[in-house]
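Okay, everyone, thanks for making room for me on the agenda. Let me put the thing on the screen and then talk you through a few spots.

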Amino acid sequence: MRYIKLFTIITTIIILFSGFWSGDSKEEQRQDRIKMAQKTLNDLYKYDSKAKNIIKKSYGYAVFSNVGVNLVLLSTEGGTGIAHNNQTGKNIYMNMASGGVGFGLGIKDFRAVFLFENKKVFDNFVEYGWEANAQADVAAKAGKKGGAFGAAITVAPGIRLYKMTKNGLALQATIQGTKYWKDTDLN
């Protein structure tokens, strides 16, 4: 019972501080997400020189800024982002939340970049956006110091994912359910 209360408190804090209620105007929130996505993509291009070409050739991509907390047997994540259609140039503003179970301890600020091979997988992600996954990782990073393991992996047919840790300290092995959805206030 104690862990459930703590999990609920941590989840609430993540949601409150993840940008859902920032106080900025809708246009400022959109611009913040576009800037975050561009900075994340620039960081990715430094990390993987082939990524820029792969992204250009993809049907579209999505970029999310996330904060994750792992506390013994419970884990939670919250964040915001955009999905970008390379064919139309349109941005779709999105949110994400995740909860899971497994061994873990720590907190981390990370970015996720999804690459979509075709219209069907892009539209499915934007409209339904559900991902269930198992993950194991170790991250110890503060600014430019430290390191975190991350590489592009195929998470579903037609979808590749890059995860990059910005800051944090975490050791985890969890099974999580993640939901991505359109931000009705910004679209």
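I'll go through the cores, then a helix, then two individual residues. Keep in mind that what you're looking at is a predicted model.

So, the cores. The largest nonpolar one has 17 residues. If you rank its members by contacts inside that core, the top names are Phe-64, Met-94, Phe-114, Phe-116 and Phe-125. Which elements give two or more residues to it? Those are E1, strand E2 at 91-116, H4, and strand E6 at 159-182. E2 provides the largest share, with six residues. There's also a second, separate core, this one of 16 residues, and Leu-44, Tyr-45, Val-63 and Met-164 are among them.

Let me stay on Phe-116 for a second. Skipping anything up to four places away in sequence, Phe-116 touches a run of residues that includes Ser-58, Tyr-59, Gly-60, Tyr-61 and Ala-62. Phe-116 also touches Val-121, Phe-122 and Phe-125, plus Gly-158 and Ile-159.

That brings us to H4, which covers residues 119-127. Buried in there you've got Val-121, Phe-122, Phe-125 and Val-126. Look down the axis of H4 and those buried residues fall within an arc of 130°, so they line one face of the helix. What about the ends? At the N-terminal end, Asn-118 does the capping: one of its side-chain oxygens sits 3.1 Å from the backbone nitrogen of Lys-120. Then, just after H4, there's Gly-129 with a positive phi of about 50°.

Now Ser-58, which we just met as a partner of Phe-116. Ser-58 is in the loop between helix H3, 51-57, and strand E1, 60-85. Is a serine in that loop buried or exposed? Ser-58 has a relative accessible area of 6%, and the cut-off for buried is under 20%, so Ser-58 counts as buried. As for its polar side chain, a polar atom there lies 2.7 Å from the backbone oxygen of Ile-55. Leaving out neighbours within four places in sequence, Ser-58 is in contact with Asn-86 and Gln-87 as well as Phe-116.

Last one: Gln-29, over in helix H2, residues 26-47. Gln-29 is at 14% relative accessibility, which again is under the 20% line, so this glutamine counts as buried too. And how far is Gln-29 from Leu-186 in sequence and in space? They're 157 residues apart along the chain, but 7.9 Å apart C-alpha to C-alpha.

That's my tour, so over to you for questions.

Notes. Residues are numbered from 1 along each chain as its sequence is written. This is a predicted model: local features need pLDDT of at least 70, side-chain atom pairs count only at pLDDT 80 or more; totals for chains, interfaces and linings use all residues. Side-chain values use heavy atoms; hydrogens and water are left out. Buried means under 20% relative accessible area, exposed over 50%, partly exposed in between (1.4 Å probe, protein chains only). Helices (H or I, at least four residues) and strands (E, at least two) are DSSP runs, numbered from the N terminus. The arc is that of the directions from the helix axis to the C-beta atoms. A polar contact is a pair of N or O atoms within 3.5 Å; within protein, one must be able to donate a hydrogen and the other to accept it, and residues adjacent in sequence count only if both atoms are side-chain atoms. Contact means heavy atoms within 4.5 Å. A nonpolar core is a set of buried Ala, Val, Leu, Ile, Met, Phe, Trp, Tyr and Cys residues joined through side-chain atoms within 4.5 Å.
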